[in-house]
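Colleague: I am new to this structure and would like to understand how its descriptions are justified. Could you take me through the reasoning step by step?

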Amino acid sequence: MPAHDRSISIAIDAMSGDHGPSVIVPAALDALNEYPRLSIQLVGDERALRAVLDDAGSALRERIEIKAASEVVAMDESPRHALRSKRDSSMRVAIRQVKTGAAQACVSAGNTGALMATAHFVLKMLPGIDRPAICSAIPTVTGHVYMLDLGANADCTPEHLLEFAVMGSALVSAVDGTAEPRIGLLNIGEEEIKGNGRVKHAAQMLSASGLNYTGYIEGNDITSGKVDVIVSDGFAGNVAIKSIEGTASFIALMLREEFRRHPIAKLAGLMAWPVLRRLSRRLNPGSYNGASFLGLRGIVVKSHGSADRLGFKTAIRAAILEVDQNVPERISHMLAETHTPELEA
């Protein structure tokens, strides 16, 4: 049966994030409307979830199952405490549905550290993968680029960076249909002499791996469209993505202020509105919401905690696509075909 014809069940942590059920449940209903083959397990406080579902049509409610969970992981809770003390959290119960095979994927807007720690503990790693990585799409001048790691691993070995390249390449090949994704390694310069020892050794391994490695890429080229996958340790990757998000917000704020300064500026703003609206649509964070936790024995997608209804639905869509393309299996297959040379002394 073709992947797009198979039924899919996704477990959703409905209590986490900044908005909880008030946004997550409507987004889930939107996804059910868009995907007739989809069924959803809403995990959380049964009474709260049923209250939000009151206005849903009976046809949609038939494709929703409520899985009770008595606890919620707070957004500022430590991963260790969440893992040890919140065994019946909506987050953990949703991930456990993937572990047992009751669901093919989990989507959560919860605490990133707790979600990663819980997913790692419950699902375990794919054979040959040492650490999971957070991967997300970033808009570029030509479309988008996938970048990893975005914060799961602050300190990485060259071997970890090679694993990230394999996982990112497998994801892009699966979801975008790119046969040989171009891979760039984030560095402080494009010249071979630039970078620390870890990055230089990773570049050696990538060059000999058989992957489509194109060389170093600098921070100012992240959005250039030169590559399809950008590999980085989690520290630099997280700083880079937060810098991009902050710069975008800063420019948007400055534009609003300038267009409000005096009547002529307001008139210019009205004339520029169609262009600004198109730009806003291209850069809308909701259109890129949904970071993949790669390397696990199961599919887990992390939504922004502040995601709106459209944003959370986008995260659900990302999970559906990964299920259809069986991304964990693709990662395992690509890892088996990748040459992993020893580092030069």
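Modeller: In this predicted model, helix α7 meets helix α12 through V166, M167, S169, A170, L171, S173 and A174 on the α7 side, and their partners in α12 are V327, R330, I331, M334 and L335. By class, this contact has 9 nonpolar, 2 polar and 1 charged residues.

Colleague: Why are α7 and α12 called oblique to each other?

Modeller: The axes of α7 (residues 158-176) and α12 (residues 327-337) cross at roughly 125° and come within 9 Å. Angles of 65 to 115 degrees count as roughly perpendicular and those over 145 as roughly antiparallel, and roughly 125° belongs to neither range, so the pair is called oblique. The crossing of α7 past α12 is right-handed.

Colleague: What makes α7 oblique to α8?

Modeller: Here α7 and α8 (residues 197-207) pack at an angle of about 50°, their axes being 8 Å apart. Roughly parallel would require an angle under 35 degrees, and roughly perpendicular one of 65 to 115, so α7 is oblique to α8. In this contact P158, E159, L161, L162 and A165 of α7 meet R198, H201, A202, M205 and L206 of α8, and these residues divide into 7 nonpolar, 1 polar and 2 charged.

Colleague: How do you know that the charged end of K124 sits over the ring of F121?

Modeller: The charged end of K124 is 4.6 Å from the centre of the F121 ring, where the cut-off is within 6 Å, together with a position within 35 degrees of the ring normal.

Colleague: How many aromatic pairs does a search of the whole structure find?

Modeller: The search finds 0 aromatic pairs, a pair requiring ring centres within 6.5 Å.

Terms used
Residues numbered from 1 in each chain as written. Predicted model: local features only at pLDDT ≥ 70, side-chain atom pairs only at ≥ 80, totals over all residues. Heavy atoms only, no water. Phe/Tyr/Trp six-rings, centres within 6.5 Å; stacked < 30°, edge-to-face > 60°. Axes fitted to C-alpha atoms, helices over the stretch in contact; angles between N-to-C directions. Helix = DSSP H or I, 4+ residues; strand = E, 2+ residues; numbered from the N terminus. Left-handed = near helix turned anticlockwise from the far one by under 90°. Contact = heavy atoms within 4.5 Å. Nonpolar A, V, L, I, M, F, W, Y, C, P; charged D, E, K, R; others polar.
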